[in-house]
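Hi everyone, thanks for making time for this. Let me put the model up on the screen, and then we can walk through a few parts of it together.

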Amino acid sequence: MEALAGPLSVPRVIPNTEGHSVTIVQSSAKEQYYALFDYIDGTPIDAPSDQDYFELGETLALLHETSDAISHHAVPDWNGFERPRYGRQFLVEESLKLLWEAPFLNAQDKIRGEHLATALSDAYDKHSMNENFFIHGDAHMGNVLRTGDNLSLLDFDECGFGHRALDIGVPRLHMISARTVEPYWAALLNGYARKFTEEEIRTGTGLRIFYMAGKIPRRMDIEYLRRQPGERIRRYFEYIENELSGMYPM
């Protein structure tokens with residue numbers, strides 16, 4: 001993030017009194033990790049416009065371009081390369097295992113999840129979803145602030161390495177959920193101005209949604225996820241089916 005903070009507006013890490021970026025607090029139950037960031041004075045984008053999505057696309061393109069340069073010049077043992085790899089095992093196989101063990105899903109739900117996992121794995125292989133590129137992992141309007149003429153990109157908790165269609169798939173998922181694909185999708189792609197095939201985008205979006213579904217069983221500590229988690233997962237399954245069948249517009 002320190003390297004990204006030149007070309008991009010991202011939070012800067014404030015070191016602790018020992019000069020470390022991360023503070024580890026040991027409790028009786030587990031270790032907890034904390035990081036402190038500079039405050040960014042900006043305005044949330046609660047009702048995004050097509051111009052906002054155009055600028056989000058531009059911001060993602062700049063993030064990808066800048067991170068490519070950073071990765072290219074980094075030494076092989078750079079700790080940035082230790083971030084998660086969003087490959088098939090992480091996105092599909094581990095998510096399916098969590099869904100299969102979820103007590104609030106019935107047998108039909110789990111069989112449906114297996115069918116989707118197979119379809120996504122086949123698409124992953126077919127389109128050679130290269131997982132060696134840095135991605136933000138959660139770039140949607142809720143993780144953006146408008147600061148003057150720029151957008152500030154926040155919340156790098158999910159950053160790692162994967163196919164960049166996953167980064168495009170995050171705001172696409174939010175548009176699908178809000179039923180705003182039609183007015184805003186073209187603006188995002190025009191701002192990003194990098195070429196993916198439609199199949200890559202639909203696969204990346206489907207993979208991201210399946211990963212989100214798999215996170216629900218292990219995040220029952222979040223109050224809103226505890227409310228009807230099965231219904232939320234079934235809705236995600238429907239999104240994936242519609243995406244892979246081409247029902248949502250491009």
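I'll go through two helices, then some single residues, and finish with a pocket.

First, some housekeeping. This is a predicted model, so local features need pLDDT of at least 70, side-chain atom pairs count only at pLDDT 80 or more, and totals for chains, interfaces and linings use all residues. Residues are numbered from 1 along each chain as its sequence is written, and side-chain values use heavy atoms, with hydrogens and water left out.

Let's start with helix α3, residues 107-126. Helices here are DSSP runs of H or I with at least four residues, strands are runs of E with at least two, and both are numbered from the N terminus. α3 has 20 residues, and from its first C-alpha to its last it reaches 29 Å, close to the 28 Å expected at 1.5 Å a residue. That expected span is 1.5 Å times one less than the number of residues.

Which residues of α3 are buried? They are Asp 109, Lys 110, Gly 113, Leu 116, Ala 117, Leu 120, Ser 121, Ala 123 and Tyr 124. These residues cover an arc of only 160° around the axis, which puts them on the same side of α3. The arc is taken from the directions from the helix axis to the C-beta atoms. As for the cut-offs, buried means under 20% relative accessible area, exposed means over 50%, and partly exposed is in between, with a 1.4 Å probe and protein chains only. As a reminder, an α-helix has 3.6 residues a turn, so residues three or four places apart point the same way.

Turn the helix around, and the face away from the buried side carries the exposed residues Ala 107, Gln 108, His 115 and Lys 126. What covers the buried residues of α3 includes β6 (85-86), α2 (88-101), α6 (198-215) and α8 (229-244).

Now look at the N-terminal end of α3. Asn 106 sits in the loop between α2 and α3 and caps the helix, with a side-chain oxygen 3.1 Å from the backbone nitrogen of Gln 108. A polar atom of the Asn 106 side chain also lies 2.7 Å from the backbone nitrogen of Asp 109. Asn 106 is partly exposed, with a relative accessible area of 40%. In sequence Asn 106 and Gly 230 are 124 residues apart, yet their C-alpha atoms are 8.8 Å apart in space.

Just after α3 comes Ser 128, in the loop between α3 and β7 (133-135). Ser 128 has a positive phi of about 45° although it is not a glycine. Most residues other than glycine have a negative phi. Ser 128 is exposed, at 56% relative accessible area. Gln 228 also has a positive phi, near 50°; this residue lies in the loop between α7 (223-226) and α8 and is exposed at 59%.

On to α5, residues 181-192. This helix has 12 residues and reaches 16 Å from first C-alpha to last, close to the 16 Å expected. Its buried residues are Val 181, Tyr 184, Trp 185, Ala 187, Leu 188, Gly 191 and Tyr 192, and they pack against α1, α4 and α6. Ala 193 follows α5, with a positive phi near 55°.

One of those partners, α4 (residues 165-178), holds Ile 176. Is Ile 176 buried or exposed? At 4% relative accessibility, Ile 176 counts as buried. Leaving out residues up to four places away in sequence, Ile 176 touches Val 181, Thr 205, Tyr 239, Glu 243 and Tyr 248, where contact means heavy atoms within 4.5 Å. The C-alpha atoms of Ile 176 and Tyr 248 are separated by 7.9 Å, though the two are 72 residues apart along the chain.

In α6 we find Lys 215, which is buried at 18% relative accessible area.

Last, the largest pocket. It holds about 990 Å³ of space. For the grid-minded among you, a pocket is an open set of points on a 1 Å grid over the protein atoms alone, where a 1.4 Å probe fits, with protein on both sides within 12 Å along at least five of seven lines; lining residues have an atom within 4 Å of a point. The volume is the space filled by probe spheres set on the points, which are joined across faces, edges and corners. The lining has 27 residues, of which Met 1, Val 13, Val 22, Arg 83 and Cys 159 lie nearest the centre. α1 (50-73) and β3 (31-34) each give two or more residues to this lining, and α1 gives the most, with 3.

That's my tour, so thanks for listening!

Terms used:
Polar contact = N/O pair within 3.5 Å; in protein donor to acceptor, adjacent residues only side chain to side chain.
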